[in-house]
2 protein chains.
Amino acid sequence: MKRQLPTLSDVARHAGVSYATADRVINDRGGVAEKSVRRVREAIAELGYVRNVAAANLSQKRTYRFVFVIPEGPNSFFQYLRQVLSEVHDALLIERVDVVVKNVRAFDAGALAQCLVELSGETLDGVALVGMDDPKLRDAIDRLKEQGVAVLTLVADVPEAGRDLYVGIDNVVAGRTAGRLLILAHGGRGGRVLPVVGSRAALDHAERLQGMSETLAETGGGVSMAPVIEGRDLHDHVERLVRQALLDDPEITAIYSAGAGNAGLVRVLEDLPPDVSRPVVVLHELVPHSRRALQDGLIDLVIDQRPDDEIKLALECLRRMADRMDQTQPVPIVPAIYVRENLPDTIADDQNGAP
Amino acid sequence: MKRQLPTLSDVARHAGVSYATADRVINDRGGVAEKSVRRVREAIAELGYVRNVAAANLSQKRTYRFVFVIPEGPNSFFQYLRQVLSEVHDALLIERVDVVVKNVRAFDAGALAQCLVELSGETLDGVALVGMDDPKLRDAIDRLKEQGVAVLTLVADVPEAGRDLYVGIDNVVAGRTAGRLLILAHGGRGGRVLPVVGSRAALDHAERLQGMSETLAETGGGVSMAPVIEGRDLHDHVERLVRQALLDDPEITAIYSAGAGNAGLVRVLEDLPPDVSRPVVVLHELVPHSRRALQDGLIDLVIDQRPDDEIKLALECLRRMADRMDQTQPVPIVPAIYVRENLPDTIADDQNGAP
DNA sequence: CTTTTTTTGATAGACGTCAATCATATCAGT
DNA sequence: ACTGATATGATTGACGTCTATCAAAAAAAG
């Protein structure tokens, strides 16, 4: 029950070699005969030896160095990410984790790739970035990987790239969920959903849209889709287009916004005449304006990817990768679904990752 | 930027005392003049010293010893909790955390209290238990606390007890959320919700019920409540009562089950004639039968408290408390809302707490 | 001023690992 | 059997903390 964990000395003894040799094996320092390597490996397996990471880090005064590259701009979601990161910064320092946040222009894969290339000079343990689909970016990631840096995509993945891990929600699933909730909110009756995205080229938006339309098609029960609006994630643009769409098509019973720029959407809803029943509205990311709209009863549901948890998970995974514990399974994040009643308190209350 | 964290030697030097004295202060060994204590405390504050927990644990070969007391019985939810705990057990051992699971009879506060009393003999760092409202339980908790054991309630709290922390969802909020979703699913039309609980005496069930009825009353828009059914969390009992209720009141348009025993509820739904539109169904906890019912389209929504996350969080908090970092803020857990489309994979894929 | 008590300082060993050094063994090839 | 390469063993100091011991200094008591 209270069996002791074996140390490297135990392993060496069990393998019939000296501590030095065992050490040479687990830290691949080379210059060890094939036979000895095998014996040490066997001893490790038999005893179930696991390196004591705390002791190892202590001996080296090691500090984990991670970089988070976040798109800059007025996007509330990413601003919140930055805030969460800065809040955990000090707590992490205690645990010998140094997190640096770098900003790059949003939607600019070239700039992002360039940033990564610059990083590959420094000595660091891991990088987390918001993915995009771009060959230059793939190259930059490969380059980092070659230098032994753990690379992890956050929020959005980089398709077919050599990143170790994607930490974020499945956007197709999120879209399908939105579709189901919309159907549910129609209470068995028909209707027409107005889909709003930032851009069809944005992978996450496209996936959400796809998910929603699939669900509507499969089990919609009379809920159809109006033509898709591309709002470019800009509040004013979204506002104009949605306003027009509602005028053009009075049959619209619901709005699904898969992207950002929803402050504009909220403005349209505020201006609706109070006598007509407003459309059912589902949108993504709990940010100040969506929270307010939810509280005011202007919208019905918010699907949120819980950035706090994403950050926390990303940090856990980065650390595990830096510790060479590469058992990195995919990490599923379950998006939260918010209504008026279950809004969390605003305080970003992540304590400090994990001890 | 890459400032080094100060060590206790730094503190001692800065305070103008020896390492031994500084050590006596932070580990309250006594025999230190008031003046020196003050000077050390000041130095700690000025330098921002935080003791290196990893080094401290290493020096003592310390193993964290935690006990989870889980109600036994056929309840799928608690079975799943046990499973999650056994899955993380080995991974935790690596990080020098030893978790023991103890089973006690469900709904038996006396047995639970007795179990805690027995525990208070052993040397352990923390206990997690599923709370109930009982004076004997409160006493047992106080006793543990006196011995310096961290005590944390999981899933359900113990009202007004000396536990350090409650890790679980807010059941009133969960009920309010259910209410909102039910209203939404009525699509603006009226209806009548059939509420099912295990027992009105069960605090969590009562809170959920209260939350739902509040929301219906405040903004229900014609959605009312049928008399509450007490199913005692037993499948057969629930089945019989619900079947009868649906016969008695054909106006019922929805069912909200706040407790367990939902396999019986699902059986009723299966037997409904295919021509009539079935009621909207919302229930709690994603367990095998609720998952299947969701997939089969028999029910609409499941509110789940994500036991994996609860366990993980509980462990994090226990460890932090054991490390004397008592900055224990309340820990909000956002329940997940599942529909057919966003069911997670079944694999319980928690890796290993946190490094 | 001495004696006793309280408070300090100095130091050492342990924890498990990493990194380094130096001496010795083993094995080729000749 | 000798050289030279390669492999191994033995050992040491660091990392930051805890625990312990012993001597020395300062304060209080007589």
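Q: How many residues does each chain give to the contact between chain A and chain B?

A: Two residues are in contact if their C-beta atoms, placed from the backbone, lie within 7 Å. Here the contact takes 44 residues from chain A and 43 residues from chain B. This is a predicted model, in which local features need pLDDT of at least 70, side-chain atom pairs count only at pLDDT 80 or more, and totals for chains, interfaces and linings use all residues. Residues are numbered from 1 along each chain as its sequence is written, while chains are lettered from A and ligands numbered from 1 in the order in which they are written.

Q: Which elements give two or more residues to the side of chain A that touches chain B?

A: Helices (H or I, at least four residues) and strands (E, at least two) are DSSP runs, numbered from the N terminus. On chain A, the elements are helix H4 (53-60), helix H8 (171-185), helix H13 (307-322) and strand S13 (336-338). H8(A) provides the largest share, 8 residues.

Q: How do the residues of that side divide into nonpolar, polar and charged?

A: Ala, Val, Leu, Ile, Met, Phe, Trp, Tyr, Cys and Pro count as nonpolar, Asp, Glu, Lys and Arg as charged, and the others, Gly among them, as polar. The side of chain A that touches chain B has 18 nonpolar, 12 polar and 14 charged residues.

Q: What rotation superposes chain A on chain B?

A: Two copies of a chain are related by a rotation about an axis and a shift along it. Copies are superposed by least squares on the C-alpha atoms of residues with pLDDT of at least 70 in both. In this model the rotation is 180° with 0.0 Å of shift along its axis, and the RMSD is 0.1 Å. The two copies are thus related as by a two-fold rotation axis. The same surface serves both copies, as 98% of the contact residues of chain A recur in chain B.

Q: Which residues are closest to DNA strand D?

A: A residue is near a molecule or strand if its C-beta atom, placed from the backbone, lies within 6 Å of it. DNA strand D is surrounded by 26 residues, and the closest are A:Ala33, A:Ser59, B:Thr7, B:Ala56 and B:Ser59. The largest share of this surface, 5 residues, comes from H4(B). Its residues divide into 12 nonpolar, 10 polar and 4 charged.

Q: And which residues come nearest to DNA strand C?

A: Of the 26 residues around DNA strand C, the nearest are A:Thr7, A:Ala56, A:Ser59, B:Ala33 and B:Ser36. Here H4(A) gives the largest share, 5 residues.

Q: Which residues touch the most other members of the largest nonpolar core?

A: A nonpolar core is a set of buried Ala, Val, Leu, Ile, Met, Phe, Trp, Tyr and Cys residues joined through C-beta atoms within 7 Å. A residue is buried if 20 or more other C-beta atoms lie within 10 Å of its own, exposed if 12 or fewer, and partly exposed in between. The largest core has 85 residues, and A:Leu182 and B:Leu182 touch the most other members. Among the residues that B:Leu182 touches are B:Val193, B:Tyr256 and B:Val282.

Q: Where is B:Asp233 found, and what is its phi?

A: Most residues other than glycine have a negative phi. B:Asp233 has a positive phi, near 60°, and is found in the loop between strand S8 (229-230) and helix H10 (235-248) of chain B. With 22 C-beta neighbours inside 10 Å, B:Asp233 is buried.

Terms used. Lists of a residue's contacts leave out its neighbours within four places in sequence.
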